[in-house]
Amino acid sequence: MSLFDEEPKRKIAHEIGQELSLLSVGELDERIGILRAEITRLEEERARKGDSKTAAEALFR
């Protein structure tokens, strides 16, 4: 069996506005988890940038 015989792993992604009627409950739960993790990642980045902005403003006062 060669490396090319294996099916590539399906990467789960969610597109905003995507049709949801064909997804199973498990697939919906998986996407909800992915989106929650992404929201957390975005909030952490926003907080880091806010901290940097506050530090820069304090430096130039």
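Helices here are DSSP runs of at least four residues, numbered from the N terminus. With that in hand, welcome to this predicted model. The protein has 61 residues, and its secondary structure comes to 1 helix and 0 strands. Let's look at the surface, and then at the charged pairs along the helix.

**Overall picture**
- Helix α1 covers residues 25-59.
- Just 3% of the protein's residues count as buried.
- The accessible surface of the protein is about 6000 Å², and carbon and sulfur atoms account for 58% of that area.

**How many salt bridges are there?**
- Searching the whole structure turns up 2 salt bridges.

**Glutamate 38 and arginine 41**
- These two residues form a salt bridge, and their closest N and O atoms lie 2.7 Å apart.
- Both sit in helix α1, and because they are 3 residues apart there, about one helical turn separates them.
- Is glutamate 38 buried, partly exposed or exposed? Its relative accessibility is 30%, so glutamate 38 counts as partly exposed.

**Glutamate 45 and arginine 48**
- Glutamate 45 and arginine 48 form a salt bridge too, with 2.9 Å between the closest N and O atoms.
- What separates these partners along helix α1? They are 3 residues apart in the helix, which means a separation of about one helical turn.
- Glutamate 45 has a relative accessible area of 33%, so this residue is partly exposed.
- Arginine 48, at 47% relative accessibility, is partly exposed as well; the cut-off for exposed is over 50%.

Conventions: Residues are numbered from 1 along each chain as its sequence is written. This is a predicted model: local features need pLDDT of at least 70, side-chain atom pairs count only at pLDDT 80 or more; totals for chains, interfaces and linings use all residues. Side-chain values use heavy atoms; hydrogens and water are left out. Helices (H or I, at least four residues) and strands (E, at least two) are DSSP runs, numbered from the N terminus. Buried means under 20% relative accessible area, exposed over 50%, partly exposed in between (1.4 Å probe, protein chains only). Accessible areas come from the Shrake-Rupley method with a 1.4 Å probe; for residues, only the protein chains shown count as cover. A salt bridge is a side-chain nitrogen of Lys or Arg within 4 Å of a carboxyl oxygen of Asp or Glu.
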